[in-house]
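Please examine the model shown here, with attention to its annotated domains, one sheet and the contact between two chains.

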Amino acid sequence: MDTPIIEFERVSKIYQGGAGPVTALHDVTLRIAAGEFIALIGPSGCGKSTLMRLIGDLEQPSNGTVRIKAKTPDQARRDRDYGIVFQSPVLYDWRTIRKNVELPLEIMGRPKDQRRQRAMELLKLVGLGDFGDAYPHQLSGGMQQRASIARALSFAPSILLMDEPFGALDEITRERLQLELLSIWWEAEPRPTVIFVTHSIPEAVFLADRVVVMSPRPGRVQRVVEVNLARPRAFETREDPQFFALVTEVRECLRATETAG
Amino acid sequence: MQATTVSTPAVRSTDQVAKWFHILWPPVLTFLVAIALWEGAVWLFEIPIYLLPAPSQIMATFLERPWFLLGIGMVTFSNALMGSAIGCSLGVLVAIFCVRWTFVADGLLPLAVAASAVPIIALSPLMGIWLGSVSAASKIGVIAVMTFFPTLVSVYAGLISPRADALLLMRSYAAPQRDVFLKLRMPAALPFLFNALRVCATLSMIGAVVAEFFGGPRNALGVYIKTQAGILRTREAWSAIMVACLYGLIFYLVIVLIERWVMPWKQRHSGQ
């Protein structure tokens, strides 16, 4: 592996709950290379979202160290290394789609014409070129989520954190967006490292270079499954026998976590 | 994926006219029917004029001295306007303080919620003692207190309305507090602010008229209604009440128009 962009060294996260401390993440050691597409999968309570939040400095570890490009996550956040996409699009109602995509650039103080040009470029990339002047509520859920991806990519962050971004969408839209996400990611220059949280097995296998399978109580990394399907992946990839074999492997692995827990 | 149609301006304006006609005709019709029933009942049952004059008589009385009545209405209305301007601005300001320093909110907000539920108008006689019972200041004072609390409670709720994800997004951009406030909290609070302003427009006109019942200059609407009703000149009192309603409605509608202008995204939303 190249020099890792993300390094977890024996990281634990303990929450102080009402019923005593809860270990959300236990002793996780993980290295992720620049440009990798990583899927985090596991049942609820396995700490996959916590892991993502630790990377993005949305939460801090209780033990161990997290290093992002050899910096602290806090420093990386200040350097604007993260683009985040949540399960809900979180677009601001009062801004048009284009203005939503411009928001991070506005905060980062980019000049107006440059912002506008970049936003239009990204909206075209995600297939929303004609909807820049629409307000979020005028768009379907899938279109809103594309706008939110465009917003996350607007300032070309080196790490893209995605927390079940397609979880609220119907299956047909979902498969379509998976394919679009892959081509956007593949063509982005420089290509970001993606951390993609999901609880869909086929989604994880279809998208990722490596699938990190996690188990609950306490949350820990069970196994890392290498996905050696050729890129760029296409619609047909899902019909590949190798794809089925990997889906089965991840599924078996998840079942093992249940019996183990 | 479904395509969303974004209608052209021309199509939208004819749609708007049809929509407004559709919304407006039932209340307009109801209003006219009510007025007709009132008029009919007064003539049919020969109700004495000092008890209840007919709408046509009220209108006639108004038309005898329209400028006088609108003039004294203006005196009262400007108190309402001044009082709610002070009360609402202070409400917004204190709400901002509450978001910035949460200990202020912890101490103040439960009291503010309680205060918006009590009849502040009862303070009127006291305000008269403090600020002079005839002076405009005592009226403006009552109205400022009346409108301050609902504005504070509502705008604070608006400022803290952004969900955790929306705030985390700002955090991920390493946005300074100023941007979190100006680009997220403030616009999110706008619908709440306008709800409060609409309530305050109504409250302040009620407050202005009622406060004058406890004393005020002779050329004020509340004083006029009270004295005319006191000597059973019911038609005169009613025509002044009509003017009070007129100013109240205008105040409310102006707020609604500003709201539509300030929040275009809401307007299109309701246009669906």
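This report treats the annotated domains, then the sheet, then the contact.

This is a predicted model, in which local features need pLDDT of at least 70, side-chain atom pairs count only at pLDDT 80 or more, and totals for chains, interfaces and linings use all residues. Residues are numbered from 1 along each chain as its sequence is written, while chains are lettered from A and ligands numbered from 1 in the order in which they are written.

Two UniProt annotations, both from unreviewed entries, are tabulated below. UniProt positions follow the numbering used here, feature names are shortened, and annotations may be inferred rather than shown by experiment. Helices (H or I, at least four residues) and strands (E, at least two) are DSSP runs numbered from the N terminus.

| UniProt feature | Span | Helix | Strand | End C-alpha distance |
|---|---|---|---|---|
| domain: ABC transporter | chain A, residues 6–241 | 33% | 28% | 32 Å |
| domain: ABC transmembrane type-1 | chain B, residues 73–259 | 84% | 0% | 25 Å |

In chain A, 3 strands make up an open antiparallel sheet with the order 2-1-4; strands pair if DSSP finds at least two bridges between them. Strand 2 (20–33) and strand 4 (63–68) of chain A each have a single partner strand, so one side of each lacks a neighbour in the sheet. Strand 1 (residues 4–17) of chain A is joined to strand 2 of chain A by 10 bridges, and A:Lys13 lies opposite A:Leu25 in strand 2.

The contact (C-beta atoms, placed from the backbone, within 7 Å) involves 25 residues from chain A and 20 residues from chain B. Helix 7 (164–172), helix 8 (177–213) and helix 11 (264–270) of chain B each supply at least two residues of the side that touches chain A. Helix 7 of chain B gives the most, with 6 residues.

Methods. Contact = placed C-beta atoms within 7 Å.
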